[in-house]
Amino acid sequence: MAGGSGEDGLPVVGASAIGLEVVVLLLLAGLSMFLASVEASFHLLKRRRLAQVTHHDEAMAELASSYLEDPPRLLMPVHLGTYTAHIGMTVIITSLLFDVVTHWATLAAFSAMMAYLLLFRVSVPYILVYQDPERAFLRLLPAFNVWSRALTPVVARL
């Protein structure tokens, strides 16, 4: 019935559209958790210990040092990515809930996002990196560096 219209004359959203929204929602949640883990490891790491962990990899030590010496270079792409992901997630959740709970969709989406933020933005990333934040930071850094470089034109203007 995708593409058709319901009894009220409004278009019926097909299962493929809902599936796409769910996939995008999961991708945004993954991006959010990845960036939150980078931020958590950054805040928890100890520079002295990081030097011990990277003593055999000068390129990685130099990359890590470049972010540690200029925290906004790390934090601005993290925040830009997480805020954008969270706004997108809220819009998608609201869209998905609108047909189910109509007038309460925004409140339900707000509640869902508050639960998500407390669990997956604040708690889980810190739990994941707490035991060894230096190694977590170094593992996440290459992928984060790609993200950060892609956002350089935007972040540089800020």
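In this predicted model, the side chains of Asp132 and Arg135 meet in a salt bridge, with 3.3 Å from N to O, where a salt bridge is a side-chain nitrogen of Lys or Arg within 4 Å of a carboxyl oxygen of Asp or Glu. By this rule the count comes to two salt bridges, and the other topics below are helix packing, a nonpolar surface patch and a loop residue with a positive phi.

Because the model is predicted, local features need pLDDT of at least 70 and side-chain atom pairs count only at pLDDT 80 or more, while totals for chains, interfaces and linings use all residues. Residues are numbered from 1 along each chain as its sequence is written, and side-chain values use heavy atoms, with hydrogens and water left out.

**Salt bridges**

- Asp132 counts as partly exposed at 22% relative accessibility, and its partner Arg135 is partly exposed as well, with a relative accessible area of 38%; buried means under 20% relative accessible area, exposed means over 50%, and partly exposed lies in between, with a 1.4 Å probe and protein chains only.
- Arg121 and Glu39 also meet through their side chains in a salt bridge, at 2.7 Å from N to O.
- Arg121 lies in helix α5 and Glu39 in helix α1, so this pair ties together parts that are 82 residues apart in sequence; helices here are DSSP runs of H or I with at least four residues, numbered from the N terminus.
- Arg121 is buried, with a relative accessible area of 14%, and Glu39 is buried, with a relative accessible area of 10%.
- As general background, side chains of opposite charge can pair when their charged atoms come close.

**Helix packing**

- Two packed helices are described by the angle between their axes and the distance between the axes.
- The axes of helix α1, residues 15–44, and helix α6, residues 133–150, come within 9 Å and cross at roughly 130°, where axes are lines fitted to C-alpha atoms, for helices over the stretch in contact, and angles run from 0 to 180 degrees between N-to-C directions.
- That angle makes α1 oblique to α6, since angles under 35 degrees count as roughly parallel, over 145 as roughly antiparallel, 65 to 115 as roughly perpendicular and the rest as oblique.
- The crossing of α1 and α6 is left-handed, a term used if the near helix is turned anticlockwise from the far one by less than a right angle, whereas clockwise is right-handed.
- Helices α4 and α5 pack at an angle of about 140°, with their axes 8 Å apart, which makes α4 oblique to α5, and their crossing is right-handed.

**Residues in helices α1 and α6**

- Ser37 is found in helix α1 and is buried, with a relative accessible area of 8%; its C-alpha atom and that of Val78, 41 residues apart along the chain, are separated by 9.7 Å.
- Ala29 has its place in helix α1 and counts as buried at 15% relative accessibility, while Ala29 and Met76 are 47 residues apart in sequence and 18 Å apart in space, C-alpha to C-alpha.
- Arg139, found in helix α6, counts as exposed at 65% relative accessibility, and its C-alpha atom is separated by 20 Å from that of Leu27, the two being 112 residues apart along the chain.

**Nonpolar patch and the loop between α4 and α5**

- Val100, Val101, Trp104, Leu107, Phe110, Met114 and Leu118 form a nonpolar patch on the surface, with about 730 Å² of accessible area together.
- The elements that give two or more residues to this patch are α4 (71–101) and α5 (105–129), and α5 gives the most, with four residues.
- Patches are made of residues with over 30% relative accessible area and no salt bridge, with like charges joined within 9 Å and nonpolar side chains (Val, Leu, Ile, Met, Phe, Trp, Tyr) within 5 Å; accessible areas come from the Shrake-Rupley method with a 1.4 Å probe, and for residues only the protein chains shown count as cover.
- Leu107, a member of the patch, is found in helix α5 and counts as partly exposed at 46% relative accessibility.
- Thr102 has its place in the loop between α4 and α5, where it shows a positive phi of about 25° although it is not a glycine, and it counts as partly exposed at 36% relative accessibility.
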